[in-house]
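Colleague: I am new to this structure and would like to learn how to read it. Could you take me through some of its features, one after another?

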Amino acid sequence: MQAMILNSGMGSRMGSVTSNKPKCMVEIAEGETLLSHQIDTLAKAGVTEFLMTTGHLAEVLEAYLEDYISEKYKDSIRIRYVHNPRYSTTNYIYSMHLASEFVEDDLLLLHGDLYFEEDLLDRMLALGDSSIVIDSTLPLPEKDFAAEVRGNRVSRIDTHLTGPDCVACQPLYRLKLEDWMVWADAINRFCASGNTGVYAEEALNTVLDEVHLRPFDVKGALCMEVDTLDDLRRLVRGAAREGDHI
């Protein structure tokens, strides 16, 4: 299994904290960053091949990871960096387009600012199917992504979704290779037509009749994006409340 971690964004909502480093390098505990937590958790789950998209301050991210991986994992993990030179004018759909040619196996896809509990990933992998994290205990977000779920299948992922079949979701996907290839083809078509400023989920929505994407309900387990300093504070408080290791 491979992992693709999207780290080509600017991280501007974190203010001065990300003035000299990408958002994924924000420290969440002494000696631990969002990215180191992701790498460690994914490695424990057996992932050894990583696709890391880069953009803003790419050289800082690469230097940090090279030091971290060489010190902790020696030669047991391989990282391929995929730089998006148009990171300031495109959305992550373009980064995924650039990285798509290197996907050769089932895939874990996540954003670089996502924190999630370790056992959550184990439970997600145990499902076996392509899936996305949802949380039925949370209110529908006003701006962030929600999923429309019909039966045991996700029929749409979008912002500003409303309705009884809609639920909050997070950008952590487990994708079987055949399902990823269908999504990747849609992404590549969008980018070929110059449609690079949208979320990759817009391309996914056009093929969800072909991709059986299962909702994985974490029911209150800690899984959240860290977009702002307030999010960072909530993460630390939430992890302490759940007894996590932060």
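Modeller: Let us begin with one residue: leaving out neighbours up to four places away in sequence, Tyr 68 is in contact (heavy atoms within 4.5 Å) with Ser 36, Ile 39, Asp 40 and Tyr 73. This is a predicted model, in which local features need pLDDT of at least 70 and side-chain atom pairs pLDDT 80 or more, while totals for chains, interfaces and linings use all residues. Residues are numbered from 1 along each chain as its sequence is written, and side-chain values use heavy atoms, leaving out hydrogens and water.

Colleague: Is Tyr 68 buried or exposed?

Modeller: Buried means under 20% relative accessible area, exposed over 50%, and partly exposed in between, using a 1.4 Å probe and protein chains only. Tyr 68 counts as buried because its relative accessible area is 16%.

Colleague: How does one describe two packed helices?

Modeller: They are described by the angle between their axes and the distance between the axes. Here the axes of helix 3 (residues 92-99) and helix 5 (residues 177-192) come within 9 Å and cross at roughly 115°. Axes are lines fitted to C-alpha atoms over the stretch in contact, with angles from 0 to 180 degrees between N-to-C directions, and helices are DSSP runs (H or I) of at least four residues, numbered from the N terminus.

Colleague: Which residues of helix 3 make the contact?

Modeller: Helix 3 contributes Ile 93, Tyr 94, Met 96 and His 97, and the residues of helix 5 in this contact include Trp 180 and Trp 183.

Key:
Helices (H or I, at least four residues) and strands (E, at least two) are DSSP runs, numbered from the N terminus.
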